[in-house]
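Visitor: I'd like to learn how to read what's inside a protein model. Could you walk me through one?

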Amino acid sequence: DDIIYVASPKEIMRLVPIPLVDQIDELVRIKSYDEALTLLKHLPVESGTEDSKQEQIKHTRYLCANHLFEKQQYKESMTLFLELNCSPLKVLRLYPEMLPQNMQKQQQKQPIKLDGYAEKASLQALVNYLQKVRDPNLEDSPSTLREDYDNTTDINEIIDTSMLRACVKANDPTIYDLLNTTNRCNLKESIKILTAAERTDDL
């Protein structure tokens, strides 16, 4: 048996091993993701297929990236999102005001409210992330970029328009790299963003 008894002058304790899977679930529940990942890597294949194990590791790392964002470790969070190669829309849901209205309405989780230094740091981390995931080989802007941004589902349009908005809010000089190259910024939304920030010279 795997049961161990420990005796002292006043009491006897019985130590029962907790299954590895249950330990991992508990560590994830209390957001101890590093410890959960360590146990996951040692999880025997008998506990599931290798594919399911890798999928669980990826999901746990995704939860860890979100947790790092909540702890205001924005650079580390974005680095992990990049490593996971997850959809940029999942990252942008942490900044729902960046998304088109049709996607904002689908938002279920309340966003974390940031201000001051935390807001600027998070936006700069987002700009750096978007710069790395955007498509650098875009063709000429399609006519759809002249339509309302609120209903778009084009991922390249959302990425570039979000990057523009984040650059303006954080006063990040990366905006010039974006505007001086072929991009998919929505034209109507870009005019709104730059006009509201009194940056019409950048139009």
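Visitor: What percentage of the 203 residues of the protein chain count as buried?

Guide: Keep in mind that this is a predicted model. Here 37% of the 203 residues count as buried, meaning under 20% relative accessible area. As for the layout, the chain has 10 helices and 2 strands, and the two strands come before the helices, counting from the N terminus.

Visitor: Which residues touch the most other members of the largest nonpolar core?

Guide: The general idea goes like this: in soluble globular proteins, nonpolar side chains tend to be buried together. In this case the largest core has 42 residues, and M78, F81, Y95, L126 and L164 touch the most other members. Several helices each supply at least two residues of this core, among them helix 3 (50–70), helix 4 (74–84) and helix 7 (116–133). There's also a second, separate core of 7 residues, including I24, A36, L37 and L43.

Visitor: What does Y95 touch, leaving out residues up to four places away in sequence?

Guide: Y95 touches F69, M78, S122, L123 and L126.

Visitor: M78 came up twice. Which residues of helix 4 are buried?

Guide: Y74, S77, M78, L80, F81 and L84. Look down the helix axis: the buried residues of helix 4 fall within an arc of 160 degrees, so they line one face. They pack against helix 3, helix 5 and helix 7.

Visitor: And what's exposed on the other side of helix 4?

Guide: K75 and E83 are exposed there. Right after helix 4 comes N85, with a positive phi near 55 degrees.

How values were computed: Residues are numbered from 1 along each chain as its sequence is written. This is a predicted model: local features need pLDDT of at least 70, side-chain atom pairs count only at pLDDT 80 or more; totals for chains, interfaces and linings use all residues. Side-chain values use heavy atoms; hydrogens and water are left out. A nonpolar core is a set of buried Ala, Val, Leu, Ile, Met, Phe, Trp, Tyr and Cys residues joined through side-chain atoms within 4.5 Å. Buried means under 20% relative accessible area, exposed over 50%, partly exposed in between (1.4 Å probe, protein chains only). Helices (H or I, at least four residues) and strands (E, at least two) are DSSP runs, numbered from the N terminus. Contact means heavy atoms within 4.5 Å. The arc is that of the directions from the helix axis to the C-beta atoms.
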